[in-house]
Amino acid sequence: MLLLKHPKTGQSLEINEFWLRDHCRCGECLNLDTNQRRYDLLDLPADVKSLEVKCEGIRLQVQWSDGHQSSYDLDFIFDSQLERLISRRSKSTNLTPWNRCIILQNERHLRFSLPQLVSSDEVVRSLVESLVRYGIVFIDDVPPTPNMTELALRRVFPLMKTFFGEMWTFSDKPDHADTAYTKLYLGSHTDNTYFCDAAGLQALHCIEHSGSGGENFFVDGLHVVHELKRRFPSAYDVLCRIQVPGEYVEKGEHHRHTAPIIRMDPLTGEFVQLRLNVYDRAVFDTIPQPQMAEFYDSLRKLLQIVRDEEQQWSLKLCPGSIVLFDNWRVLHGRQAYTGSRTMSGSYVQRTDFLSKARVLGIIE
Ligand SMILES: [Fe+2]
Ligand SMILES: [Zn+2]
C-alpha cells in the first residue's frame, strides 16, 4: 500500500499498488481515443511495486518495478474512490418519490408537446430529466397513429426490439398469450419480469377507444418501497432477498427470469428496480416450504401498499397523448373496458435510457 497526501485538501489515502499501476492513464496503457485499456490484466506482474514515488504539485510520478513510468493527476486518484462514488451518486440522482397528491401537484413538469419536442433539444433534455425524477412523462399533441407514436419516441430514444416487435399495437384481439390483449382489469404491475433484462421504459398511446372504462392507473414503486421499508422492515428485507421466478410462454417463446422483487444497489443502497407482476409468476420453487409463510406475508404487505388509494394516480389515456414511464420503477394497470380500443406502444432498453440521461448530464 502507498500512503498519498493531497497537497491542496490535506486528505490522505492508502492506495493499493496494483490498482495504481492498473490505473495508469498514459497512452501506452490506455487508448486515449477509445478510452479502452491496451493490455491484458495478466500482462502486469502480480507483485508490481513502486520503486520511486515523487509528488510534484498536483502530479504524482511513479517509477514501477516492471520498468514502466507513470504520471498521475492526484485529483483523478482521489476522485476514483468508493466514498466519492457514493457521494456523487447521492448528489446527482434527483428523484422525487410520489403518491397521487404529490404527482398531481407536479403534473406541469410531466407534460411535453410533440412540436416543441421535435424543434428543441432543450425540451428533449427536460423530458429526460423529468423521466429520471418522476419516472413518468407525457408527450401531447401527437396524431393518434402508430407511425406518429414511433416518430415521437424515436426523437428521444432508440426502441427495444422484443418478440412483440419494436412498435406494437394491442386491442382485445388475442395476438399474444397475454392478459393485456383482452378487455379485463389488470392490477398494478411492471412488465417483462420474465426477461433477463426487463424493458427500462414503456410507452403507451391510446389510438382509439369507442366504449367506456379502461382508465389507467400508475403507482410509484420507489415511494411504495420506501413505505414498505418504513412500516414493515422485515418484509422489505425478505423481498430484497428472496428470488422470485417470472415466466412467459406462448407458441415459439419461453422466457424465464429469477430475481428478487426489490433490487437495491449493493454499493450505494439506492433503489434500482421494483420487479412486480403477480400474473407472470412461474411455479414458485426457489425457497423451501418452511419459508413460504414469511414470503407470502411480505408480498401481501407490499401489494396492500400498492393498492392503497392514495398511491394510485388514475387517468384516462386519450388519443393524442403518449405516456412514457420507467418500467423499473412505476407500476401500471388498467380498468376493464367495453367497446373497441387500440393501444400502440413500445419499450426502450434500460441501458439506452440511462445512457441518454448521462450524455445529457442528468445522471452520473
Ligand atoms: Fe403491462
Ligand atoms: Zn502507462
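**View 1. Strands β13 and β18 pair within a four-stranded open sheet of this predicted model****.** Strand β13, which covers residues 216-220, is joined to β18 by three bridges, and the two strands run antiparallel. Within this pairing, Asn216 of β13 has Leu315 as its bridge partner in β18. The sheet to which both strands belong is open and follows the order β11-β20-β13-β18, with antiparallel pairing. Because β11 and β18 (313-315) each have a single partner strand, they stand at the edges of the sheet, and one side of each is left without a neighbour there. From one strand to the next, the twist averages 15 degrees.

**View 2. The iron ion (ligand 1) is held by two histidines and one aspartate****.** The coordinating atoms are NE2 of His189, OD of Asp191 and NE2 of His332, at 2.2 Å from the iron ion (ligand 1). Along the sequence, these donor residues follow the spacing H-x1-D-x140-H. Since His189 lies in strand β11 and His332 in strand β20, the pair ties together parts of the protein that are 143 residues apart in sequence. Strands β11 and β20 also stand next to each other in the order β11-β20-β13-β18 of the four-stranded sheet.

**View 3. The second largest pocket includes two of the iron donors, His189 and Asp191, among the residues nearest its centre****.** The volume of this pocket is about 390 Å³. Its lining is made up of 28 residues, and those nearest the centre are Asp178, Ala180, Leu186, His189 and Asp191. At least two lining residues come from each of β10 (167-170), β11 (186-189), β12 (201-209), β14 (244-250), β20 (330-334) and β21 (341-348). When the lining of the second largest pocket is divided by class, 14 residues are nonpolar, eight are polar and six are charged.

**View 4. A six-stranded open sheet with mixed pairing contains β12, β21 and β10****.** The strands of this sheet are arranged in the order β8-β9-β19-β12-β21-β10. Here β8 (111-113) and β10 stand at the edges, each with a single partner strand, so one side of each has no neighbour in the sheet. On average, and with direction ignored, neighbouring strands of the sheet are turned by 25 degrees against each other. At one edge, β8 is joined by three bridges to strand β9 (residues 136-140), and this pair runs parallel. Arg111 of β8 finds its bridge partner in β9 at Phe138.

**View 5. The hairpin of β14 and β15 has a turn that contains Gly252****.** Strand β14 pairs with strand β15 (residues 253-259) in the antiparallel sense, over seven bridges. In this pairing, Val244 stands opposite Ala259 in β15. Two residues lie between the two strands of the hairpin, and Gly252, located in the turn, has a positive phi of about 85 degrees.

**View 6. The largest cavity draws on β14 for part of its lining****.** The structure holds one cavity of 30 Å³ or more, and about 100 Å³ of space lies in the largest cavity. Thirteen residues line this cavity, of which Val244, Ile261, Arg275, Asn277 and Arg281 are the closest to its centre. Val244 is thus a residue that also appears in the hairpin, where Ala259 of β15 stands opposite. The elements that give two or more residues to the lining are β14 and α10 (292-307), and β14 gives the most, with three residues. By class, the lining of the largest cavity has seven nonpolar, three polar and three charged residues.

**View 7. The largest pocket is lined by residues that include Thr93 and Leu95****.** The volume of the largest pocket is about 760 Å³. Its lining comprises 30 residues, and Thr93, Leu95, Glu270, Phe271 and Val272 lie nearest the centre. The helices α3 (82-92), α6 (121-134), α8 (221-231) and α11 (350-359), together with strand β17 (271-274), each supply at least two residues of this lining. Of the lining residues, 15 are nonpolar, six are polar and nine are charged. For orientation, the domain assignment of the protein gives domain 1 (2-80) and domain 2 (94-359), and the C-alpha centres of domain 1 and domain 2 lie 44 Å apart.

Note on methods
Residues numbered from 1 in each chain as written. Chains lettered and ligands numbered in written order. Predicted model: local features only at pLDDT ≥ 70, side-chain atom pairs only at ≥ 80, totals over all residues. Heavy atoms only, no water. Domains from an automatic or database assignment. 1 Å grid on protein atoms, 1.4 Å probe; cavity = no way out; pocket = protein on both sides within 12 Å on 5 of 7 lines; lining within 4 Å. Points joined across faces, edges and corners; volume = space filled by probe spheres on them. Nonpolar A, V, L, I, M, F, W, Y, C, P; charged D, E, K, R; others polar. Pairing = 2+ DSSP bridges. Axes fitted to C-alpha atoms, helices over the stretch in contact; angles between N-to-C directions. Donors = N, O, S within 2.8 Å, 3.2 Å for Na, K, Ca; no water.
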